[in-house]
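Morning, everyone. I'll talk about empty space inside a protein, and then take the spaces one at a time.

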Amino acid sequence: MSDVILSTQIAGLKPFITGKVRDVYDLDDHLLIVTTDRISAFDSVLPTGIPDKGRVLNQLSAFWFEFIRDFCPSHLVSIDDDEILERVRAAGGDPVPAEIAGRSMLVRKTQALPVECVVRGYLEGSGWKEYQKKQSVCGIALPEGLQQGSRLPEPIFTPSTKAHTGHDVNITHEEMSKIVPQEQMDQLIRLSLEVYTRAAAYAQERGIIIADTKFEFGVLDGQIVMIDECLTPDSSRFWDAEKWQPGGPQPSFDKQFVRDYLDAIGWNHEPPAPPLSVDVAANTAEKYREIFRRLSGRALA
């Protein structure tokens, strides 16, 4: 897997932050986000990278940012490699073009809001676990008799904390109102539900169910804009609509495949994370490429 990019280093540029997947560099009032092929699961970064993963996340986010821009602005400026290289060199950086090609995004700096905006259209993951105990998700009561993978009566907004280390924690709307002002909270709920609803309808036409997803937002010039990534297989559950059958786990085009493998080999979710087998890494890469093709309708650049 010589084509896997696990880390980047741009000489002459000041690092802004290194996340689980993204290397972010400071360009004054802009940021350069380079999405690597690192993959995390259960809050740990795995030693094995996924070929083309960074390119999929970068280009699929750009696709969705364009899709929603008429009603939900984002921080995106450009993913054009030539423009990005020119901006990086103008800022004093000396990049290796092959390390950032296809996986880089120039964005405006924003003031990030300290909540994760989760929208669920189907019952899975932590939502399914809570439902089994309380018949609710993040304090939102749900009907009796739902199964794992059931479609909800309508999409629900279920926020969580944004943890830089450790686990995000699901919170209620009331708890969220203590973290962000009510006016901002109302906007976050409205934007999140609208983006999910429009994107889910688009994906359904292409045979894909967006079961749930996670958004992040920031404030730019007094306006709330979407930041980070948008509707990628790292931040969303994508299911094959033809194979959807409530009552258990669903065939997916996301990193659930990796989580399932790690559970199957008996990892206790405590670091350090174990490596993935060659087959699991290759199969995961193909799932990521396939969801990009099906949703964007184009080849990966």
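How much space lies in the largest cavity? About 50 Å³. Keep in mind that this is a predicted model. Rolling a probe the size of a water molecule over the atoms shows where empty space is left. Here the count comes to 2 cavities of 30 Å³ or more.

Start with the largest cavity. Its lining is made up of Arg22, Ile33, Thr35, Leu57, Asn58, Ser61, Met105, Asp228 and Glu229. Two elements give two or more residues to that lining, strand S3 (30–35) and helix H1 (53–68). H1 has the largest share, with 3 residues. By class, the lining splits into 3 nonpolar, 3 polar and 3 charged residues.

Now the second largest cavity, with a volume of about 40 Å³. Around this one sit Glu116, Lys214, Phe215, Glu216, Ile227, Asp228, Glu229 and Ser235. S14 gives the most here, 3 residues. The classes are 2 nonpolar, 1 polar and 5 charged. Asp228 and Glu229 line both cavities.

Last, a pocket. The second largest pocket holds about 220 Å³ of space. It is lined by 15 residues, and the closest to its centre are Tyr122, Arg151, Pro155, Tyr196 and Ala200. Strands S9 (115–122), S12 (151–157) and S14 (208–220), together with helix H6 (182–205), each give two or more residues to this lining. In class terms, the lining of this pocket has 10 nonpolar, 3 polar and 2 charged residues.

That's the tour. Questions?

Conventions: Residues are numbered from 1 along each chain as its sequence is written. This is a predicted model: local features need pLDDT of at least 70, side-chain atom pairs count only at pLDDT 80 or more; totals for chains, interfaces and linings use all residues. Side-chain values use heavy atoms; hydrogens and water are left out. On a 1 Å grid over the protein atoms alone, a cavity is a set of points where a 1.4 Å probe fits but cannot get out, and a pocket is an open set with protein on both sides within 12 Å along at least five of seven lines; lining residues have an atom within 4 Å of a point. Grid points are joined across faces, edges and corners, and a volume is the space filled by probe spheres set on the points. Helices (H or I, at least four residues) and strands (E, at least two) are DSSP runs, numbered from the N terminus. Ala, Val, Leu, Ile, Met, Phe, Trp, Tyr, Cys and Pro count as nonpolar, Asp, Glu, Lys and Arg as charged, and the others, Gly among them, as polar.
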